[in-house]
Every structure is written in structure tokens, then in C-alpha cells.
Amino acid sequence: MEDILDRLCATVADYPAPGVSFKDLTPVFADAEGLRAVVDAIVEPFLGHFDLIAGIEARGFLLAAAAAYATGTGVLTIRKAGKLPRETYAEEYALEYGAATLEIHTTDLAPGARVLILDDVLATGGTVGAAARLVERCGAHVVGIGVVLELPALGGRAALEGRPVHSLQRVD
């Protein structure tokens, strides 16, 4: 997995802010072998333990849709504020370079549903933590969090309150 990610992932310096080194996974998603390998590896530790896969806007949507199709489950989108047409729950969170809000429809999850949350990168844990809180506000259970890249220096795991996290590659 690390060979695929190292070969295909593009690094963009000073994006989205000076001093930030952005890891662009879109070349990985555009490669058939890379996408299949990532999807298979990200869900593997959680197989048989989830009913639905939630993806966080925007790259998490790609992962969640592909993983849901591959595992025969449904997909739930966790959106940026103002994008959903029905009643929502909202969670504000801090980013490593700003703040934002995520939303989920209040009726998209059945109480007791087991949800696997997927996203591209775990940095400070703000985005994924907000997504987990939204799922739990709907009465569902977060069975795990899967990310392609983890930036351990930013302490994201600590912000996820002991939830199971599976990352495919840790990046310093």
C-alpha cells in the first residue's frame, strides 16, 4: 500500500496556506489499481461490522461511494454547511488552518445503525471528530474511522476520543 501511495500521491507545497504540505490523493483515485487497493485496504479491518459507510465532503465521498459499492452497503454523505435541503444537525470544528461546519440530515440514519466513516486525511481530528459526533447525534454507532493518510504530528487520534482508527499511511 505504501508503495502505491508513494508512487501516485502528489505533494503540493504551501497549499492551502504557507507552511502546509498538501497531499493530493486525486492521482491515486484516478488510477484503477490504486483506487481498488485503497478501498480494499481501508475497509478490511471493519468488514462485517458496519451497515453503512459515511464519507466526508469532498474526497471522503469518493472513498465512501467506492467502498459502499465494493461491500454491498449504502453510503451517507456528510456535507459542508448549507448544502443539504432537509432538516440537519450541524457540528462546527477547527481545522489546522481555520474553522468550518459539517451537516447531516437528521433522518438519514436509523437509530442503532453501525457506521464506518471514511475520509482522505486525518490531521487534527477536527473534521472526522465532527462527523463522528453527527453520526452519534442521529442515534447511530461509529464502528470505526478509516483514512488514507494520517499526519501523526497534528494529534488527530487523540481528538477522536478512543474511536477505532485505521490509516493506510502515516506521513511526517
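1. Start with helix α5 in this predicted model. Its buried residues are Gly 126, Thr 127, Val 128, Gly 129, Ala 130, Ala 131, Ala 132, Leu 134 and Val 135. That makes 9 of the 12 residues buried, so you can call α5 mostly covered, given that buried here means under 20% relative accessible area.

2. What do the buried residues of α5 pack against? Strands: β3 (52–56), β4 (74–80), β5 (88–95), β6 (98–105), β7 (114–122) and β8 (141–150).

3. Now check the length of α5. The helix runs over residues 126–137, and its first and last C-alpha atoms are 16 Å apart, close to the 16 Å expected at 1.5 Å a residue. After the helix comes Gly 139, with a positive phi near 90°.

4. Try the length check on α4, residues 59–71. With 13 residues at 1.5 Å each step, this helix should span 18 Å, and its end C-alpha atoms sit 19 Å apart, so the two values agree.

5. Which residues of α4 are buried? Look for Gly 60, Leu 63, Ala 64, Ala 67 and Ala 68. Viewed down the axis of α4, they fall within an arc of 125°, which means they line one face of the helix. Turn to the face pointing away from that buried side and you'll find the exposed residues Tyr 69 and Ala 70.

6. So what covers the buried residues of α4? The cover includes helices α2 (26–30) and α3 (32–43), along with strands β3, β4, β7 and β8. As you leave α4, have a look at Gly 72, which follows the helix and has a positive phi near 70°.

Key. Residues are numbered from 1 along each chain as its sequence is written. This is a predicted model: local features need pLDDT of at least 70, side-chain atom pairs count only at pLDDT 80 or more; totals for chains, interfaces and linings use all residues. Side-chain values use heavy atoms; hydrogens and water are left out. Helices (H or I, at least four residues) and strands (E, at least two) are DSSP runs, numbered from the N terminus. The expected span of a helix is 1.5 Å times one less than its number of residues. Buried means under 20% relative accessible area, exposed over 50%, partly exposed in between (1.4 Å probe, protein chains only). Contact means heavy atoms within 4.5 Å. The arc is that of the directions from the helix axis to the C-beta atoms.
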